[in-house]
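Me: Could you take a close look at one part of this structure and explain how it is put together? Please keep it plain, and give the cut-offs for the terms.

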Amino acid sequence: MADGIQVKQLNAWFGATQIIRDIDLAIAPVSITAIIGPSGCGKSTFVRCLNRMHEVVPGARVSGTVLLDSEDLYGPGADPVQIRRRVGMVFQKPNPFPTMSVFDNVAAGLRLTMRGRSQGSKAELRAKVEAALRSAGLWDEVADRLGEPGAGLSGGQQQRLCIARSLAVNPEVILMDEPCSALDPIATLKIEELIDQLKRRVTIVIVTHNMQQAARVADRTAFMLDGRLIEVGATQEIFTTPGDPRTEEYVTGKFG
Amino acid sequence: MSSAWREHADSGGSPAPPAGRSAPGGLSQGRAHFQQQLQRLEAHALGGLDLILEQLDRVLEALSHQDVELAQMVIADDDRVDGRYLEVHQGILSLLALQAPVAGDLRLVAALLHMIKHIERMGDQCVNIAKMIPLSGHEPPVRREVLEALARMGACARSEVTQAKAAFAGRAVDLAEDLVRQDREINRLNREIFRMAIEIGDDPDTREWAMHMILVARALERIGDNAVDIGEQVAFVVTGLFREFSDSSHPSDTGLARSPGSE
């Protein structure tokens with residue numbers, strides 16, 4: 001992860017409609033970058049280009065370069081499945097596998113990657129699940145209900161379960177698409193604290209409508225408008241002395 | 001509490017601050033309300049400078065005519081200035097707590113907090129002058145040239161306060177920077193009065209009066225400094241950079257610096 005993520009001349013379309021236009025952005029490793037911008041500006045599409053999730057929609061298309069630690073995610077021979085293991089994603093609405101237990105939700109990704117290895121790895125699997133749940137700040141709350149359905153947890157717990165599921169396979173990057181918009185303030189606070197802890201080991205790109213959340217958690221903030229990257233800078237700069245008048249107008253609420 | 005400054009907001013008679021740039025999507029309702037609150041708060045803070053002008057005019061009048069009663073009124077009316085400080089301070093706290101202003105709005109709120117503190121200090125300097133007036137008795141051994149120099153200082157201080165207000169209301173950095181030029185004249189007169197007092201002669205009563213006049217000059221000089229400080233806030237609101245217009249500890253420095261804590 002020495003080089004983080006380098007996005008060069010990224011363009012993306014849904015059919016004939018261009019969503020992302022000529023984005024260049026460098027994301028430092030083990031940092032938190034917030035993407036802000038009005039609805040429909042392309043910020044969700046942008047992060048979905050970072051782990052090749054955009055192209056799963058029929059008619060969707062991407063051009064440009066996304067380098068993850070110098071490896072082109074859109075280069076020939078790049079394996080989307082492998083990429084999505086390295087670049088995890090957490091969505092707006094918590095989406096645990098509804099029929100699976102808490103344990104199996106976290107173990108699901110691990111079982112795929114550990115498949116074919118010796119059965120002696122059962123203890124190893126258990127240790128990895130526990131480590132992921134601890135990292136997600138959920139272990140103490142679910143340690144005695146690992147066998148219960150993941151869908152039985154509260155919304156905030158489900159979201160942290162999804163983060164644990166991402167963390168279990170030891171990704172280099174986690175993309176978060178409005179991870180707190182369906183949560184109450186206390187659950188939001190827990191996720192934000194978790195994000196702050198995770199940034200020591202993983203690169204985080206978070207899309208948020210909540211500008212105070214971007215201000216609280218992000219090292220750098222990028223402002224998008226109409227599919228373009230208008231401005232990126234230290235979060236403190238963006239919220240005190242933005243360079244572009246359009247950024248100023250958006251963060252001060254003069255449009256949007 | 002918060003309604004107090006709204007009621008007074010229009011009495012300041014200051015021009016409305018420049019309207020925000022027109023935005024692609026138009027003002028959203030919630031933020032439009034916030035912008036109105038912010039504009040009212042600014043008008044109320046700028047109105048504090050009008051209170052200072054009243055206090056300054058009366059204390060200079062009291063000084064030139066040795067009017068002890070008028071000086072007493074100036075002291076009593078400092079409560080109005082202090083009240084204005086508290087109202088604006090409370091309004092700023094409310095805006096910070098309830099509206100979480102950012103970017104240009106945040107810079108304006110921070111600058112208002114500085115400005116109202118400078119206004120409060122200017123009010124105190126008017127009180128300091130007023131308190132000197134009764135100390136000399138009804139027929140003090142005045143020297144015309146000293147009183148004339150003080151009157152010129154007073155006129156300069158008044159002009160600086162007026163200009164600081166206009167610079168802030170109009171976000172006029174050049175007008176704000178020009179305050180430094182005006183302030184040099186006040187500083188020069190301050191030194192001149194000091195020299196006059198030293199050379200005022202042997203009569204003990206006259207020397208005591210001259211000492212008091214040195215303190216008056218000092219208070220006027222400080223009012224000028226506060227006006228310059230308000231000018232520095234104008235530059236901060238507009239550019240996002242804080243710099244001292246004149247820094248006596250680094251006279252050759254241009255004073256250009258990034259705001260503290262920024263990267």
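**A sheet and its helix**

Reply: Thr221(A) stands opposite Gly233(A) in strand E10 of chain A. The model is a predicted one, in which local features need pLDDT of at least 70 and side-chain atom pairs count only at pLDDT 80 or more, while totals for chains, interfaces and linings use all residues. Residues are numbered from 1 along each chain as its sequence is written, and chains are lettered from A and ligands numbered from 1 in the order in which they are written.

Start with the two strands that hold this pair. E9 covers residues 220-225 of chain A and E10 covers residues 228-234, and 6 bridges pair them in the antiparallel sense. Strands are DSSP runs of E with at least two residues, helices are runs of H or I with at least four, and both are numbered from the N terminus. Two strands pair if DSSP finds at least two bridges between them. Another of the partnerships is that of Met224(A), whose bridge partner in E10(A) is Leu229(A). E9(A) and E10(A) form a hairpin, and 2 residues lie between the strands. In that turn Asp226(A) has a positive phi, about 50°.

Where does the hairpin sit in the sheet of order E6-E7-E8-E3-E9-E10? E9 and E10 come at the end of that order, in an open sheet of 6 strands of chain A with mixed pairing. In general, strands of a sheet pair through backbone hydrogen bonds, either parallel or antiparallel. The edges of the sheet are E6 (residues 87-90) and E10 of chain A; each has a single partner strand, so one side of each is left without a neighbour in the sheet. From one strand to the next, the twist averages 20°. Such angles run from 0 to 180 degrees between N-to-C directions, with axes fitted as lines to C-alpha atoms, for helices over the stretch in contact.

Helix H6 of chain A packs on this sheet, where it touches E6 and strand E7 (173-177). Here, contact means that the C-beta atoms of two residues, placed from the backbone, lie within 7 Å. The direction of H6(A) makes about 175° with that of E6(A). H6(A) runs over residues 155-168, which is 14 residues. From first C-alpha to last it reaches 20 Å, close to the 20 Å expected at 1.5 Å a residue; the expected span is 1.5 Å times one less than the number of residues.

Is H6(A) enclosed or open? Of its 14 residues 13 are buried, so H6(A) is largely enclosed by the rest of the structure. A residue is buried if 20 or more other C-beta atoms lie within 10 Å of its own, exposed if 12 or fewer, and partly exposed in between, with C-beta atoms placed from the backbone. After H6(A) comes Asn170(A), whose phi is positive, near 55°.

Chain A also has an open sheet of 4 strands, with the order E2-E1-E4-E5 and antiparallel pairing. Its edge strands are E2 (17-27) and E5 (71-72), each paired on one side only. E1(A), residues 5-14, runs antiparallel to E2(A) and is joined to it by 7 bridges. Leu10(A) stands opposite Ile23(A) in E2(A).
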